[in-house]
Amino acid sequence: MSKHHVTTTINGDPAEFLCSTEQTLLDVLRDVLYLTGSKEGCASGDCGACSVMLDGRLVCACLVLGVEAQGKRIETIEGMAHGDKLHPLQQKFLEHAALQCGVCTPGFLIAAKALLERNPDPSETEVRYWLAGNLCRCTGYDKIVRAVIDAAKEMRAA
Amino acid sequence: MAKVILSGTLRQLAGGIEEVEVDARDVRQLLRILGERFPELGPHLDSGYAVAIDGEIFQDAWFAPIRPDSEVHLVPAIRGG
Amino acid sequence: MNDITNQSVLERHLKIVGTRPLRPDGVDKVTGRAQFGADIHLPNMLVGKVLRSPHAHARIKSIDISKAQALPGVKAIVTAADFSDLPSEFIPAGEMMVNFRDMTRNIMAREKALYEGHAVAAVAAINEAVANQALNLIEVDYEVLPHVMDVDEAMAPDAPLLHDNMFTIGVEPKPAKPSNIAKRVEFALGDLAAGFAKADVVIEREFLTRPVHQGYIEPHACVARVSEDGQAELWCTTQGQFIVRGFCAKLLGMEVSKLKVTPSEIGGGFGGKTVVYLEPLALALSRKACQPVKMVMSRTEVFRATGPTSGARMWVKIGATKDGRITAADAVLKYQAGAFQGSPVQPGCMCAFAPYDLENVRVVGYDVVVNRPKVAAYRAPGGPIAEYAVESVIDELALRLKLDPIEFRLKNAAKEGTKAAYGPKFGPIGLVETLKAAREHPHYATPLKKNQGRGVASGFWFNIGGDTCATLNLGEDGTVSLVAGTPDIGGSRASLAMMAAEELGVPLDKIRPSIGDTSSLGYNFLTGGSRVTFSSGMAVVEAARDMVRQLRERAARMWEVPVDSVIWEDGCARIAEAGVAEFKSMSLAEIAKTAGKTGGPIVANAAINATGAGPSLATHVVDVEVDPETGKVTVLRYTAIQDAGKAVHPSYVEGQMQGGAVQGIGWALNEEYIYDAKGRLENPGFLDYRIPVCSDVPMIDTVIVEVPNPRHPYGVRGVGETPIVPPMGAIANAVAHATGVRFTELPMSPPRVLAAIDTAAATR
């Protein structure tokens, strides 16, 4: 079975890869492109650890096929910081100790960034419901929510 | 003589005896003496038991010192998760 | 021994310990750079996959791998035939004592498949597609046997037998026939009958809890690379790289020094990653193929084949006088061990009544095998289950006696000098402080509305010390490399660096912590038992103090003065005498620069068996609202109060309290395994195995109480496990107060709650 040749954009840079029909975008990111920042927690779209942006829309990369990336714009955790300047969300996660093991953190950061792009001043309830698709087993979510609200405040002031 | 309190399964294996007086300077000696006095206890003492000396728990510490007036308990080893 | 307690340290002004700096590994974690178990790619790497039993209980009559072996791209296949049958030998593993004969069979089934998901064969191939194809070509001839899933059913005399050589230990006379009961244990103090005779009120209840999974978001993953000469490297996500090395060396018949295990960053463990599953298989496959083999579990495999914690059936009876003194307590705990013996029933028994000062108490425990995956440690193993039952009865007693739940606990609280049910007397502990803090907390005074209820529960965990090594290497520019051996699952490397910086008197950013592999340090027991900040901290402090001694010696030599006249202060060597005309001072960086000339590199090691770990006690308060139309329980407000001894990094202590509380909320309200009639798991995924999501829980308020542990240089107590012990009891009590119905079965999921409150309403 020959592979498909896909041309796409990842974190602003042109990218191309070969993938088989059944490979998901997550498989491609991790095993073909070695962008291992997006994590596999379940491969069924339930945990959000593989959250990426596809044409500006928050998706689980495990629910997108590699071939669907053709011609689209993908943003992963690897593109969140700018050079050596962390995104305010990344900085706030560190300041609030909003991570313990850190495996769910990339997914949460991408998801939170997507939220703040749509709603720059979310309430605690809005943050909690938006992030309900990202599972965390370590933190109990408390410090994550605080970090997102604090980052939103800083981003509004900028 | 240090006082050794046996509880639960160990007490049963020692024929129901709850308190034993043992002249031992450290944990290793104590376990050896107990094993000699109560042959049924021996294999159990080798693994899975910690020793509490006057309330402080020592796990796998053969040379933890035992004083003549110490109260010693054999406690199942705790590992945690 | 390692007695480096220094009372004056506890009182001295601390500059770094107790503050909240950013964790040193944080940037890699928020940028996705940090490498977890599945993030490694090696050249020429094969993909490994496991064939798993579709039956809950079956004799394996034969396995034919010939067709799979012939498939192009398949490089190696292993079955039980590739592992030696090891004799019975008990060693500690996670929580339980593990028998190597059992472990050999758990990683790869031999005579029987004992649970759905039990590994039967493993394949390494050039890619995942070929590996999966190969699995489908392996022919296994199973003779399906009747299975048993529940503790009471497994204990019945005519139950299907899992092991025909299992004769219950701890019963007299010794049983003549095998059974599914591996062990009976008992702890007792005083005179139960006399105690109950003195009681004015006696309450007894039976409870049922179901198994729950640790729920780590990162599945098990490893890469093994074995060379032609038998040397091996293993990269894996684990709570204990030395444990993995030891187990794998034993299972594969290798010398320990031939196997180097590097722990990756770990995406959650909670006790579930203190054992091996894929690692020995990957090593065996790599040994055959002479190529690296990567194995990663899918989420369904994690649920089907890795240790949950026990489900249990329990009976608890407590008696008290009308003025609120408990006079007697009795309990029987029957825990599922899964397919092989070793449930945490023993610590469950020891924990059950631990928060209370009791004269007359007995706890009996049974370790029972059933056709489910072998149980693995889960955060305070055994404790939450037992204390859910006990705290529920305590609450009922308080209600019957018309006493406030906190007052009732205060009247009976364990303190320093209290004799535990399992024998020894407690040293200083902080239960009373947490109860008082709960009573004074504004949460406790907040009024409740209709369908709302408040629950309180206390909890206990022992905490452990254990074998620990740490090394401090002084760089030529005065910065320090700290190597610890306990994987960092919650931010502990920050706390370790903080303690080193405090001791050396330098800013935190001069210390760079890392976690070493098995070749770079002496033996370290695993990360677990809430031991890292305590034990690795103790080792780091001992190493730092040794480094200070060496630095003073070098300075003394350079100044040509006796070493006793040199002190170490604020990161510098100084002459101690006041009024010396020439004030001499030499910084860490200055001494480091000339270390080679003054005697050689400056390195400090500590290798200890840390003793003196102190228990951590907690009290949780929770408000819930129960929807009478749907049975849904909403957690409105949660306050967790715990004694940390000394919070080295308060944010990470709070994090442990919050994380444990939310795991307990999931255990109480939603999480359970659902099996079909054939013993097959129906919900092996996060959609239907429902762990709490962000919108399920409120903020978790935390109060850290500090009753220092005198046996640690900074007064540290482990804190990681205790937080999961009170939540189920607290929530069950809150739901009882909200609904008037006592729930003796977990989880209290909406259908169960609704059915119970409808029944109660109908019978009123």
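A salt bridge, as I use the term today, is a side-chain nitrogen of Lys or Arg within 4 Å of a carboxyl oxygen of Asp or Glu. In this predicted model, the side chains of A:Lys113 and A:Glu75 fit that description, with 3.5 Å from N to O, and I would like to start from this pair and then turn to the interface between the two domains.

The domain assignment of chain A gives domain 1 as residues 4–79 and domain 2 as residues 88–157, and the C-alpha centres of these two domains lie 22 Å apart. Across their interface the rule finds one salt bridge, together with five residue pairs in polar contact, both partners being at pLDDT 80 or more.

On the domain 1 side, β3 (51–54) and β4 (57–60) of chain A each supply at least two of the residues that touch domain 2, and β3(A) gives the most, with three residues. Sorted by class, this side of domain 1 has six nonpolar, five polar and four charged residues.

Now to the extent of the interface: 15 residues of domain 1 of chain A are in contact with 15 residues of domain 2 of chain A, and between them the two domains bury about 1000 Å², of which 63% is on carbon and sulfur atoms. Which three residues supply more than any others of the area that domain 1 of chain A buries against domain 2 of chain A? They are A:Met53, A:Leu58 and A:Ile77, which supply 41% of that area.

Terms used
Residues numbered from 1 in each chain as written. Chains lettered and ligands numbered in written order. Predicted model: local features only at pLDDT ≥ 70, side-chain atom pairs only at ≥ 80, totals over all residues. Heavy atoms only, no water. Domains from an automatic or database assignment. Contact = heavy atoms within 4.5 Å. Buried area = accessible area lost by both parts, 1.4 Å probe. Polar contact = N/O pair within 3.5 Å; in protein donor to acceptor, adjacent residues only side chain to side chain. Helix = DSSP H or I, 4+ residues; strand = E, 2+ residues; numbered from the N terminus. Nonpolar A, V, L, I, M, F, W, Y, C, P; charged D, E, K, R; others polar.
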